[in-house]
Amino acid sequence: MKIETLGVVGAGTMGNGIAQVAAVAGFKVVMIDVTETALEKGIATLTASLERLVAKGKLDVAARHAAVANVEASTDYSRLAVADLVIEAATEASELKLRILSQIESVVSDDTIIASNTSSISITALGAGLNHPARFLGMHFFNPVPLMSLVEIICGLHTGEETARAVHQFSLDLGKSPITVRNSPGFVVNRILVPMINEAFFLLAEGVATADEIDSGMRLGASHPLGPLGLADLIGLDVCLSVMDVLTRDLGDQKYRACPLLREYVAAGWLGRKAGRGVFDYRKQ
Ligand SMILES: NC(=O)c1ccc[n+]([C@@H]2O[C@H](COP(=O)([O-])OP(=O)(O)OC[C@H]3O[C@@H](n4cnc5c(N)ncnc54)[C@H](O)[C@@H]3O)[C@@H](O)[C@H]2O)c1
């Protein structure tokens, strides 16, 4: 199973980041989204990110050109037919992902590996909807993808060993450091990280400290590069809420209940950086 061409479904925060690192690593990438506008935004983000790398001297101009030339953007799923691996990085919703995964399977070859970048949905449950679940697994990248070195490779009950091995090698080829974990709600990192963020919302809601003080506390007292509330804004409050709801439901333990303030912010559309405001207001900056 040699991976040469990558398909990415979803050109949002994660999709364009995954497309960027694969293109820089020399892979051909086909990036799919539902609208031209979403694709244009994805390509613009990817291009701006590459420009920053050039400005910092981490990438030369020729490599930037080559990376951009490696990416094809399309609304047509049939363009994925050439992909050896397709990573689904669309909106976090179970039914939508099941539909997208079947759509991917209907256009790719029988050898193609399909992965989901879901933060919280069961890889076993998503795989059960496919004709070839042995070639399906979770490939969980972290935000921002070009900067974060971890990839969690999640094996569902159906995932084949050869599939996991090929994706492990591909992650190394991207310059990432993979860990392989069994399917379980929240996998490893989010099971620890998102309840910590949720606890920060409880502290904020209880008026124990201000948002700045909570974040300073964890930056200065626990050496976190970013405080939990700033991190929530980066991840997306909707994504955090959805992870908490999955942990509560699938682990059946109320200790994971989402903080009502987090739910309230999501209801208000205060989703974090991508919306211009979350816990913090980014419109002033
Ligand atoms: N944001 C994070 O920090 C983070 C981290 C790890 C994993 N994830 C996971 O990655 C996935 C994507 O998250 P995101 O933050 O990039 O979301 P996003 O909202 O930025 O982007 C999602 C993209 O999917 C597209 N989309 C929706 N339906 C589609 C369809 N039918 N076909 C093709 N594209 C479609 C949307 O138009 C949008 O461009 C989610 O499953 C999320 O849980 C997110």
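How far is a nitrogen atom of the ligand from an N or O atom in the side chain of Tyr77? The gap is 2.6 Å. The views below come from a predicted model.

**View 1. Polar contacts hold the view on the ligand and Thr13, Met14 and Tyr77****.** An oxygen atom of the ligand lies 3.0 Å from a backbone N or O atom of Thr13. For Met14, a backbone N or O atom lies 2.8 Å from an oxygen atom of the ligand. Tyr77 uses its side chain, and its partner is a nitrogen atom of the ligand. The ligand taken alone exposes 840 Å², and the protein buries 86% of that.

**View 2. A shell of 22 residues surrounds the ligand****.** Asp33, Tyr77, Glu92, Lys97 and Ser119 come nearest. By type, the shell divides into 10 nonpolar, 9 polar and 3 charged residues. Three elements give two or more residues to it: H1, helix H4 (94-107) and strand S6 (136-141). Which element gives the most? H4 does, with 3 residues.

**View 3. The largest nonpolar core has 37 residues****.** Leu6, Ile18, Leu85, Ile87, Met139, Phe141 and Phe170 have the most contacts inside this core. Helix H1, residues 13-24, gives the most to the core, with 6 residues. A second, separate core has 24 residues, including Leu229, Val243, Met244 and Leu247. In soluble globular proteins, nonpolar side chains tend to be buried together.

**View 4. Leu85 and the residues it touches****.** Leaving aside residues up to four places away in sequence, what does Leu85 touch? Ile3, Thr5, Leu6 and Gly7 are among its contacts. Thr112, Ile113 and Ala115 also touch Leu85. So do Met139, Val167 and Phe170.

**View 5. Ser74 sits in strand S3****.** The strand spans residues 71-74. Is Ser74 buried or exposed? Ser74 counts as buried because its relative accessibility is 11%, under the 20% limit. Its contacts are Met31, Ile32, Asp33, Leu39 and Arg79, again without residues up to four places away in sequence. Asp33 is also one of the residues that come nearest to the ligand.

**View 6. A cis peptide bond joins Asn143 to Pro144****.** Omega for this bond is near -5 degrees. Pro144 lies in the loop between S6 and strand S7 (150-155).

**View 7. Phe187 and Ser223 have positive phi values****.** Neither residue is glycine. Phi of Phe187 is near 55 degrees. Phe187 lies in the loop between strand S8 (177-182) and helix H7 (189-205). Phi of Ser223 is near 60 degrees. Ser223 lies in the loop between helix H8 (211-222) and helix H9 (228-235). Phe187 is buried, with a relative accessible area of 4%, whereas Ser223 is exposed at 63%.

**View 8. Helix H9 is largely enclosed by the rest of the structure****.** Why does H9 count as largely enclosed? Because 6 of its 8 residues are buried. These are Pro228, Leu229, Gly230, Leu231, Ala232 and Asp233. What covers them includes H7, H8 and helix H10 (237-251). Leu229 also belongs to the second core. Just after H9, Gly236 takes a positive phi of about 110 degrees.

Key. Residues are numbered from 1 along each chain as its sequence is written. This is a predicted model: local features need pLDDT of at least 70, side-chain atom pairs count only at pLDDT 80 or more; totals for chains, interfaces and linings use all residues. Side-chain values use heavy atoms; hydrogens and water are left out. A nonpolar core is a set of buried Ala, Val, Leu, Ile, Met, Phe, Trp, Tyr and Cys residues joined through side-chain atoms within 4.5 Å. Buried means under 20% relative accessible area, exposed over 50%, partly exposed in between (1.4 Å probe, protein chains only). Helices (H or I, at least four residues) and strands (E, at least two) are DSSP runs, numbered from the N terminus. Contact means heavy atoms within 4.5 Å. A residue is near a molecule or strand if one of its heavy atoms lies within 4 Å of it. A polar contact is a pair of N or O atoms within 3.5 Å; within protein, one must be able to donate a hydrogen and the other to accept it, and residues adjacent in sequence count only if both atoms are side-chain atoms. Accessible areas come from the Shrake-Rupley method with a 1.4 Å probe; for residues, only the protein chains shown count as cover. Ala, Val, Leu, Ile, Met, Phe, Trp, Tyr, Cys and Pro count as nonpolar, Asp, Glu, Lys and Arg as charged, and the others, Gly among them, as polar.
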